[in-house]
Amino acid sequence: KSGSALSATRAVKDAPTKKKNISFGSSAGNVNPTGLIGDLPPVGFFDPAGFAAKASPEELIRYREVEIMHGRFAQLAIIGFLVPEKYAAEGAFGDDFLAPTGTALEAVNTDPLWLGLTLGVIACLETIRLLETEPGTRTNAKILEIGLYPEQSDEKLAEYSLKELQNGRLAMLAFAGAVTQELINETPLILNLQN
């Protein structure tokens with residue numbers, strides 16, 4: 001390992017507490033005035049545009065709902081990029097399964113019917129979700145109610161919520177990177193990952 005990577009690993013390993021990052025206080029010197037989870041070391045409460053300072057508590061809850069839903073869609077979008085491109089690269093459904101280039105974005109240009117169907121399904125699902133829920137409860141996917149997680153303590157729920165938030169943030173960045181990469185070099189994402 002490099003010196004800096006080893007130092008960072010030691011710093012995390014030798015941290016005074018082994019507590020998971022689900023506290024609502026401060027982190028890295030940046031105070032979290034919102035009471036929302038999601039502070040990540042080393043930046044702590046990250047709000048460079050100042051949205052939290054300008055928003056009411058109701059707006060902050062709405063922002064968090066939107067962030068979680070965008071994260072969920074981004075996780076599905078990454079899968080929607082990789083799986084079809086993998087099948088196209090293997091020739092599983094013929095040479096022109098996705099598009100002549102084999103990229104997921106090119107399929108939108110060559111066959112706009114798929115884009116229309118995808119957006120139509122998403123619109124229907126979102127409409128149903130909005131009709132069945134109340135503002136402030138729209139991030140509950142009813143996973144705890146169906147018994148997917150056996151341990152349903154408040155601490156465990158906060159841990160699951162933090163994991164979902166972090167994975168959603170990562171997926172949003174990954175999706176933006178995947179789209180950028182395909183637009184720049186016009187090579188299927190799956191081929192770049194394999195090379």
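Hi everyone. Reading along the sequence, our chain runs α-β-β-α-α-α-α-α-α. That comes to 7 helices and 2 strands. Please keep in mind that this is a predicted model.

Let's start with the whole chain. There are 195 residues, and 24% of them count as buried. The accessible surface is about 13400 Å², and carbon and sulfur atoms make up 64% of that surface. Now think about contacts between residues with a separation of 6 or more. What share of those contacts joins residues 24 or more positions apart? The value is 55%.

Next, please look at the outside. There is a nonpolar patch on the surface, made of Phe73, Leu76, Ile79, Val83, Tyr87, Val108, Leu115, Leu119 and Ile122. Together these residues have about 760 Å² of accessible area. Which elements give two or more residues to the patch? They are helix 3, covering 57-90, and helix 5, covering 112-132. Helix 3 gives the largest share, with 5 residues.

Let's take one member of the patch, Leu115, which sits in helix 5. Why do we call Leu115 partly exposed? Its relative accessibility is 35%, and the partly exposed class lies between the 20% limit for buried and the 50% limit for exposed.

Now let's go inside. The largest nonpolar core has 6 residues, namely Ile78, Phe81, Ala104, Ala178, Val179 and Leu189. Helix 3 and helix 6 each supply at least two residues of this core. So helix 3 is a name to remember, because the same helix 3 also gives 5 residues to the surface patch.

Stay with Leu189 from the core for a moment. If we skip residues up to four places away in sequence, Leu189 touches Phe81, Leu82, Glu85, Ala178, Gln181 and Glu182.

That last name, Glu182, deserves a closer look. Glu182 is in helix 6. Is Glu182 buried or exposed? Glu182 counts as buried, because its relative accessibility is 3%, and buried means under 20%. What does the side chain of Glu182 reach? It reaches the backbone nitrogen of Leu189, at 3.2 Å. Setting aside neighbours within four places in sequence, Glu182 is in contact with Phe81, Glu85, Thr103, Ala104, Leu105, Thr187, Pro188 and Leu189. Among them are Phe81, Ala104 and Leu189, which also belong to the core.

Another residue of helix 6 is Glu164. With a relative accessibility of 26%, Glu164 counts as partly exposed. Glu164 and Ile68 are 96 residues apart in sequence, yet their C-alpha atoms are 7.6 Å apart in space. Leaving out residues up to four places away in sequence, Glu164 touches Ile68, Arg72 and Gln75.

My final stop is Glu186. Where is Glu186 found? It is in the loop between helix 6, which covers 154-185, and helix 7, which covers 189-194. Glu186 is not a glycine, but it has a positive phi of about 50°. Glu186 counts as exposed, because its relative accessibility is 59%, and exposed means over 50%.

To recap with two residues you can find on your screens: Glu182 counts as buried, while Glu186 counts as exposed. Thanks for listening!

Notes
Residues are numbered from 1 along each chain as its sequence is written. This is a predicted model: local features need pLDDT of at least 70, side-chain atom pairs count only at pLDDT 80 or more; totals for chains, interfaces and linings use all residues. Side-chain values use heavy atoms; hydrogens and water are left out. Helices (H or I, at least four residues) and strands (E, at least two) are DSSP runs, numbered from the N terminus. Buried means under 20% relative accessible area, exposed over 50%, partly exposed in between (1.4 Å probe, protein chains only). Contact means heavy atoms within 4.5 Å. Accessible areas come from the Shrake-Rupley method with a 1.4 Å probe; for residues, only the protein chains shown count as cover. Patches are made of residues with over 30% relative accessible area and no salt bridge: like charges are joined within 9 Å, nonpolar side chains (Val, Leu, Ile, Met, Phe, Trp, Tyr) within 5 Å. A salt bridge is a side-chain nitrogen of Lys or Arg within 4 Å of a carboxyl oxygen of Asp or Glu. A nonpolar core is a set of buried Ala, Val, Leu, Ile, Met, Phe, Trp, Tyr and Cys residues joined through side-chain atoms within 4.5 Å. A polar contact is a pair of N or O atoms within 3.5 Å; within protein, one must be able to donate a hydrogen and the other to accept it, and residues adjacent in sequence count only if both atoms are side-chain atoms.
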